[in-house]
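The exercises below are meant to be worked through with the sequence and the 3D structure side by side. Try each task before reading its solution.

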Amino acid sequence: MKHSMRIRHRIGPLATVFACLLGIFLPGDHAFAQTQCTDQEMPTGGLTEIHAIACTTDELSDNRMAESNVSIRTATAETTGETEPVYAEDCYHSTHGYEVLNEAEKEVYNALKTTAHTFYTEDTDAPEITYAGGAMHYFSAVDNPNYALDSESIVKVLSMFRNDNPLYFFVGNYLLYSTITISGQTYITQFYISCVDDYADGDLRQEKIQAIETGIAQAEQAMVGYTTSLEKTRAAHDWIRDNNTYQYTETDEADDTVISHTILGIFDASYRYGVCEGYAKAFQLLLNAANVPNFYVTGHGNTALHAWNTAKMDDGFYYYFDVTWNDTARTDDYFAAGQTDFFEEHTPFTSEGEAWQYLYDTPDVPDASYQPETAIPYTDGNFTYCLYDTYAVLTSYTGQDEVLVVPDSANGLPVTQIKGAFAGNTSLQSVYLPESIQTLSYSSRSDSDVGAFEGCTRLEYIQMPTRLHRIEYRTFYQCEKLPSCILPSTVQQLGAYALENCDSLALLVVYSKTCSFLSASSVTASATLYGYENSTTHFYADAFGRTFYLLSDEEGTTTTISNITTTEATETSAILSETTGDSSTDTTTVSNSPPVTSSTATLSISENTTIASSTLSEKSVSYPITYGDIDRDGVCEINDLVLMHHYFIGNIHFSDAQKASMDCYYDGQINTKDSVSYMRYLTGLLSTLPIQPTA
């Protein structure tokens, strides 16, 4: 058995294209020092001593916390929105990063927070650890739970911890870890997170904390008396902008000191300068204290690394705020900005990133910038709306119907949006949306945001309106029985988690060639996607390893379905591939069906095609009627499944025999259960479909 210790260094601004973010970990094999030794060779100050000075939760008693000589504002239920947090300073912190971690990662995150709290409230000096490349001050030594995390995972945890906790300005950007090798397999046993050297001294750190708290109190005083999100964000934005300047080096580059990249530079009156990370974290901190939901966001501003914020305004939607650019350009263009203009220059990191580029997914932002409007509450039966000048928004439904037709108007106004109205409804099975609906969006419940149909665990069918434009954040999250979803060509955006955790979702058809998928989490990984060649759906499937098949083009010409991308080699590719013409090897032909010559699995209907019964008239055949063979060509294939879905949305009319062939579940009814059964057959989960007996 042998041990080793490694350190991942901070990469300086000359080695990367840094605009303003200091100390972000870069993935890959960058320079690091490494030393290896056996148990007998372990020098003084090695692994055993490192473990001895680790600070664990058990070593921090409530009495020690209470004896802190630092005056921190006491958090109350009013400031946190629900209950008193674990630590008083939590009223300034976020939880978005914590929420996306797995259990092992959360355990490490919590250990970091425990020790960070001690460093914030006490004058403890940071201990020092030596390694082959030198020495490092650290504020936390954390055991790797069950050796579960690798170095990239701990980088993600530390990145999320820094994003969530702007008040802990002393958290460094070095990561030291120790490893153990057992039977040729190397495991990480413990992580050491650096403390910024300038603030390893407890007395100096407490002096800076007092200066920060004084500055925060001044900023909060400027926000007193404001009640709306617009007023609070404006007050916080203007205080930061009017009391600070962007810090450049002598060569006109963004300053790379800790002071500029943390809230220290913004709130300490001896500095009052910073770069984008400091600006954005200060804005995040003030909005958290004012109970305005917000996200700290990192990504690229034009081509450089950048940081900014989103915040929820009084209409219930999030908008973008870039306090840095508003200050440097002396503009207001980046205050409560909409997505259309903002995304021309900003690209956020999302959950598909790795290491330090990993970020939590954020709610959708409207296309246009925020414009305050007055909404009038209106209730009609089980439906509650917000009425605006020219439209109505459905915000709540209290009924328990299994089949529901959503009204198209409220008090004479067209219902154009649904905001979280059906979240958590466990009665709904089928929903028919009116043609007036353009947006399915999120709303606030308690201390979180929920999608329009989030948690509708019995929902099996939803009829999409042909004017639908956006399906936003968490719309169908955890709709675990929803088997399929067909999106009309008008849909231009699918938000983060929109179809995530939909365990039964087997089929997603996207008729738009330009629908924007905001994150890898927009669609659950198990779904098969159908779209046009070179469409955004095609690119999304290719980028994230999803199974994808081609639809016919808009002119109605037939395009052969081909398996573009699959995550693994599965039976799906065989079942949905071209047939060979030999009935003994044709995997799409049901037993007892006749041989098919040169048959291919094709989709020959476009979105707007209305197919009459004469088009699919029953053919004169001598073979048994096969359940699932809807177009009566003697073979069960994807074409039949799409026909079934067109029947569900009401633009196909079948003969009685064709209707009978759709009863794939063999229970005397035609519903989405049949669609699921058919998809299971096509993907190899069912060996055959039922065969109707001959007369």
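**Exercise 1. Cysteines**

Which cysteine sulfur is closest to the sulfur of cysteine 479, and how far away is it?

*Solution.* Keep in mind from the start that this is a predicted model. A disulfide is a covalent bond between the sulfur atoms of two cysteines. The closest cysteine sulfur to that of cysteine 479 belongs to cysteine 456, at 5.1 Å. A disulfide is counted only when the two sulfur atoms are within 2.5 Å, so the separation of 5.1 Å is too far for a bond. By this rule the structure has zero disulfides. As a last step, look at the surroundings: cysteine 479 is buried, at 0% relative accessibility, and cysteine 515 is also buried, at 0%.

**Exercise 2. Nonpolar cores**

Find which residues have the most contacts inside the largest nonpolar core, and which helix gives this core its largest share.

*Solution.* In soluble globular proteins, nonpolar side chains tend to be buried together. Here the largest nonpolar core contains 96 residues, and Leu112, Phe139, Phe170, Ile240 and Phe267 are those with the most contacts inside it. Its largest share comes from helix H11 (residues 276-289), which supplies nine residues. Another core lies apart from it, with 49 residues, including Leu394, Leu413, Leu459 and Val510. To see one of the residues in detail, take phenylalanine 139 and set aside its neighbours within four places in sequence: its contacts are then Leu112, Thr115, Ala116, Phe119, Phe161, Val171, Ile193, Ser194 and Cys195.

**Exercise 3. Valine 431**

Decide whether valine 431 is buried or exposed, and list what it touches.

*Solution.* Begin by locating valine 431 in strand S19 (residues 430-432). Its relative accessible area is 0%, and because buried means under 20%, valine 431 is buried. Not counting residues up to four places away in sequence, valine 431 touches Leu404, Val406, Phe453, Leu459, Tyr461, Ile462 and Gln463. Finally, compare sequence with space: aspartate 401 is 30 residues away from valine 431 in sequence, while their C-alpha atoms are 9.6 Å apart.

**Exercise 4. Helix H6**

Work out how the span of helix H6 compares with the expected one, and which residue caps its N-terminal end.

*Solution.* Helix H6 (residues 151-164) has 14 residues, and from first C-alpha to last it reaches 20 Å, close to the 20 Å expected at 1.5 Å a residue. The helix is mostly covered, with 13 of its 14 residues buried. At its N-terminal end, aspartate 150 acts as the cap, since a side-chain oxygen of this residue lies 3.3 Å from the backbone nitrogen of glutamate 152.

**Exercise 5. Asparagine 244**

Identify the backbone atoms that lie 3.0 Å and 3.4 Å from polar side-chain atoms of asparagine 244.

*Solution.* Asparagine 244 sits in the loop between helix H8 (229-243) and strand S7 (245-246), and at 4% relative accessibility it counts as buried. The backbone oxygen of isoleucine 240 is 3.0 Å from a polar atom of its side chain, and the backbone nitrogen of tyrosine 273 is 3.4 Å from a polar atom of that side chain.

**Exercise 6. Strand S4**

Trace how strand S4 is joined to strands S3 and S6.

*Solution.* Strands S3 (residues 128-131) and S4 (residues 134-143) run antiparallel and are joined by four bridges, with a hairpin of two residues between them. Threonine 130 has alanine 135 in S4 as its bridge partner. Strand S4 also runs antiparallel to S6 (residues 185-195), through five bridges, and aspartate 143 is partnered with glutamine 190 in S6.

How values were computed:
Residues numbered from 1 in each chain as written. Predicted model: local features only at pLDDT ≥ 70, side-chain atom pairs only at ≥ 80, totals over all residues. Heavy atoms only, no water. Core = buried A, V, L, I, M, F, W, Y, C linked by side-chain atoms within 4.5 Å. Buried < 20%, exposed > 50% of the residue type's maximum accessible area, 1.4 Å probe, protein only. Contact = heavy atoms within 4.5 Å. Expected span 1.5 Å × (residues − 1). Polar contact = N/O pair within 3.5 Å; in protein donor to acceptor, adjacent residues only side chain to side chain. Pairing = 2+ DSSP bridges.
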